[in-house]
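Please look through the sequence and the model below before reading on. The report that follows takes up a few topics in turn and is best read with the structure in view.

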Amino acid sequence: MMRSQPEPLNFKLARVTPRWAFKQSSRRVLVIVLCLSPLLFGTPVLANGALWTALLVIAALLFCIVCIAWLIGATHARADSPNEYLDEREIAMRNEVYLKSFRIVGALISLGFVVFTVFPDAPIPARGAFSLLFPIVMFLPTCVLAWTQPDPLEEV
């Protein structure tokens, strides 16, 4: 008797992802929103009062989590899935996505190095700037896949 593996959580996200998020244009909007999310994390600095700051940080974090969950669901978690769950075409696509993501991360690090070398007295410290990139870089393969994957074919 062959035992089947339990379905991973990231596969279940496709069931709770809204239908509109599966379109390429919607996925691209979610990627842009997620990439702009560090601005949400930066806004609590401008807030007056500890309670207001805490509420803004919690709201921004929840906002990022929802965007990431919808992107993972809309891409059917192909960027995060092990080989056992993918066919050869999907494995090749996932490998291509990781290569593109690696190049983007390399370009961001190089750009940051150049900017902070040329402007050592920048108003934002290098550690702060690179920490704001964390939510983007952490899920960059999913974002690249969501951006490049075409719309799913409609069943007739």
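## An aromatic pair

In this model, which is predicted, a search of the whole structure turns up 1 aromatic pair. The partners are W20 and W70, which meet edge-to-face, with 5.3 Å from centre to centre and 85° between the planes. W20 belongs to the loop between α1 (9–16) and α2 (24–42), while W70 sits in helix α3 (residues 50–74), so the pair ties together parts that are 50 residues apart in sequence.

How accessible are the two partners? W20 has a relative accessible area of 43% and is therefore partly exposed, and W70, at 26% relative accessibility, also counts as partly exposed.

The loop between α1 and α2 also holds P18. With 18% relative accessibility, P18 counts as buried, because the limit for that class is under 20%. P18 and A74 are 56 residues apart in sequence, and their C-alpha atoms are 8.4 Å apart in space.

## The chain as a whole

Which kinds of elements make up the chain? It contains 7 helices and 0 strands, so that, read from the N terminus, the order of elements is α-α-α-α-α-α-α. Of the 156 residues in the chain, 31% count as buried, and the accessible surface comes to about 10700 Å², with 70% of that area belonging to carbon and sulfur atoms.

Contacts can also be described by how far apart their residues lie in the sequence. Among the contacts between residues at least 6 apart in sequence, 70% join residues that are at least 24 apart.

## A salt bridge and the loop beside it

The count of salt bridges comes to 1. It is formed by E90 and R78, whose closest N and O atoms are 2.9 Å apart. Since E90 lies in helix α4 and R78 in the loop between α3 and α4, the pair ties together parts that are 12 residues apart in sequence. Are these charged partners buried or exposed? E90 counts as buried, with a relative accessibility of 11%, and R78 is buried as well, with a relative accessible area of 17%.

The loop between α3 and α4 also contains H76 and A77. H76 has a phi near 55°, which is a positive value in a residue other than glycine, and A77, although it is not a glycine, has a positive phi of about 55°. As for their cover, H76 is partly exposed, with a relative accessible area of 36%, whereas A77 is buried, with a relative accessible area of 1%.

## Cysteines without disulfides

How many disulfides does a search of the whole structure find? The search finds 0, and the distances between sulfur atoms help to show why, because two cysteine sulfur atoms must lie within 2.5 Å to be counted as a disulfide. For C64, the closest cysteine sulfur is in C67, at a distance of 6.6 Å, which is too far for a bond. For C143, the closest cysteine sulfur is in C35, and the distance of 5.3 Å is likewise too far for a bond.

Both of these starting residues have a low accessibility by the buried cut-off: C64 is buried, with a relative accessible area of 4%, and C143 is buried, with a relative accessible area of 2%.

## A mostly covered helix

C143 is also one of the buried residues of helix α7. This helix, which spans residues 140–148, is mostly covered, since 7 of its 9 residues are buried. The buried residues are L140, P141, T142, C143, V144, L145 and A146.

## A nonpolar patch on the surface

Not every nonpolar side chain is covered, for L111, F113, V114, V115, V118 and F119 form a nonpolar patch on the surface. Together these residues have about 600 Å² of accessible area.

Where in the chain does F119 lie? F119 is found in the loop between α4 (88–118) and α5 (126–132). Its relative accessibility is 53%, and F119 therefore counts as exposed, because that class begins over 50%.

Key. Residues numbered from 1 in each chain as written. Predicted model: local features only at pLDDT ≥ 70, side-chain atom pairs only at ≥ 80, totals over all residues. Heavy atoms only, no water. Patch = residues over 30% accessible without salt bridge, like charges linked within 9 Å, V, L, I, M, F, W, Y side chains within 5 Å. Areas by Shrake-Rupley, 256 points an atom, 1.4 Å probe, with all protein chains shown as cover. Salt bridge = Lys/Arg side-chain N within 4 Å of Asp/Glu carboxyl O. Helix = DSSP H or I, 4+ residues; strand = E, 2+ residues; numbered from the N terminus. Buried < 20%, exposed > 50% of the residue type's maximum accessible area, 1.4 Å probe, protein only. Phe/Tyr/Trp six-rings, centres within 6.5 Å; stacked < 30°, edge-to-face > 60°. Contact = heavy atoms within 4.5 Å.
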